[in-house]
Amino acid sequence: ESLNIRPALTILFSFLFVILAGTWLLMMPFTARSGNGLSLIDAMFTATSAVCVTGLIVVDTATYFSIWGKVVIMLLIQIGGLGIMVLSYFTLIVMGKKISVKQKKLVSYILNKEDMGNLKKTLISIIGLTAVIEGTGILILVAGSGGLGMNFPERLFFGFFHSVSAFCNAGFALFSDSLESFSGTPLILVTMAFLII
């Protein structure tokens, strides 16, 4: 109840919870190619960087992490980029749960909206627009990476990861040189630029 009274505190604890969960996951052996997860400090730094969409890394994302580690990072980026509370309340709406007045007040604080009557519509619009923009980015990135020597599953993951990373302004990439090797591929660079904007 005290968290509902202090929305800023709720947001802080939500981010802290997701960062700690991400830290724990990135310490697991299955997230690293070597079979040794990150140390506590490196995992916490990486999880914080992903959730807070800063793009700072302590290990090379491309070479250190397994596919599962990269999926964890992508999910942390998406959660941080969209906002934990936005995703939580959208999930409640999809499940058909009623949102209390206190919860509506918290969401309106997060979205900086005074009118609590249209929160459901606003949340659906945010999630829907995000899905459309990221989905379009995925399709273009998958199509644009056709001649780059990747098989279709690799191209699909390339599209998903980079579309989420770019749209959320996270700065994470699946290549050791970031996107430098794509300097001769304008379709990918323009798509990434538009996703970032």
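This is a short guided tour of the structure above, stop by stop, with something to select at each one.

**The whole chain**

Start with everything on screen, and keep in mind that this is a predicted model. Colour the protein chain by secondary structure: you will find 10 helices and 0 strands. Read from the N terminus, the elements go α-α-α-α-α-α-α-α-α-α. Of the 197 residues in the chain, 41% are buried. Switch on the surface if you like; the accessible surface comes to about 10,700 Å², and carbon and sulfur atoms hold 68% of that. Now think about contacts in the chain with a separation of 6 or more: 62% of them join residues 24 or more positions apart.

**The largest nonpolar core**

Next, select Leu26, Ile73, Leu76, Ile77, Phe161 and Phe172. The largest nonpolar core has 23 residues, and these six touch the most other members. Which helices each supply at least two residues of this core? Show H2 (7-26), H3 (40-51), H5 (67-82) and H9 (152-167) to see them. H5 gives the most, with 6 residues.

Stay here and centre the view on Phe161. Setting aside residues up to four places away in sequence, Phe161 touches Thr61, Lys70, Ile73, Met74, Phe172, Ala173 and Leu174. Apart from this core there is another one, of 9 residues, including Leu141, Leu179, Ile188 and Leu195.

**Along helix H3**

Now select residues 40-51, which make up H3. H3 has 12 residues and reaches 16 Å from its first C-alpha to its last, close to the 16 Å expected at 1.5 Å a residue. Its buried residues are Ala43, Thr46, Ala47, Ser49, Ala50 and Val51. When you look at how they are spaced, a general point helps: an α-helix has 3.6 residues a turn, so residues three or four places apart point the same way.

Pick out Thr46, which is found in H3. Is Thr46 buried or exposed? Thr46 counts as buried because its relative accessibility is 2%, and the cut-off for buried is under 20%. Leaving aside neighbours within four places in sequence, Thr46 is in contact with Leu26, Leu38, Val58, Phe65, Ile73 and Phe172. Three of those names may look familiar: Leu26, Ile73 and Phe172 were among the core residues you selected earlier.

Leu40 also lies in H3. Here the relative accessibility is 51%, so Leu40 counts as exposed. Before you leave, step just past the end of H3 to Val53, which takes a positive phi of about 45 degrees.

**A nonpolar patch on the surface**

Leu40 leads on to the next stop. Select it together with Phe13, Leu16, Leu20, Met27 and Met44: these residues form a nonpolar patch on the surface, with about 520 Å² of accessible area together. H2 and H3 each supply at least two residues of the patch. The largest share, 3 residues, comes from H2.

**Helices H6 and H8**

Move on to residues 119-144, helix H8. How many residues does H8 have, and how far does it reach? It has 26 residues and reaches 37 Å from its first C-alpha to its last, close to the 38 Å expected at 1.5 Å a residue. The buried residues of H8 are Leu119, Thr122, Leu123, Ile127, Thr130, Glu134, Gly137, Ile138, Leu141, Val142 and Gly144. One of these, Leu141, is also a member of the core of 9 residues.

Then find Val86 in helix H6, residues 84-94. Val86 is buried, with a relative accessible area of 6%. Draw a distance line from its C-alpha to that of Ile126: the two atoms are separated by 8.6 Å, although the residues are 40 apart along the chain.

**The loop between H9 and H10**

For the last stop, go to the loop between H9 and H10 (186-196), where you will find Asn169. Asn169 has a positive phi of about 55 degrees although it is not a glycine. Its relative accessibility is 42%, so Asn169 counts as partly exposed.

Ser178 sits in the loop between H9 and H10 as well. Its phi is near 60 degrees, again a positive value in a residue other than glycine. With a relative accessible area of 37%, Ser178 is partly exposed.

Terms used
Residues are numbered from 1 along each chain as its sequence is written. This is a predicted model: local features need pLDDT of at least 70, side-chain atom pairs count only at pLDDT 80 or more; totals for chains, interfaces and linings use all residues. Side-chain values use heavy atoms; hydrogens and water are left out. A nonpolar core is a set of buried Ala, Val, Leu, Ile, Met, Phe, Trp, Tyr and Cys residues joined through side-chain atoms within 4.5 Å. Buried means under 20% relative accessible area, exposed over 50%, partly exposed in between (1.4 Å probe, protein chains only). Helices (H or I, at least four residues) and strands (E, at least two) are DSSP runs, numbered from the N terminus. Contact means heavy atoms within 4.5 Å. The expected span of a helix is 1.5 Å times one less than its number of residues. Patches are made of residues with over 30% relative accessible area and no salt bridge: like charges are joined within 9 Å, nonpolar side chains (Val, Leu, Ile, Met, Phe, Trp, Tyr) within 5 Å. Accessible areas come from the Shrake-Rupley method with a 1.4 Å probe; for residues, only the protein chains shown count as cover. A salt bridge is a side-chain nitrogen of Lys or Arg within 4 Å of a carboxyl oxygen of Asp or Glu.
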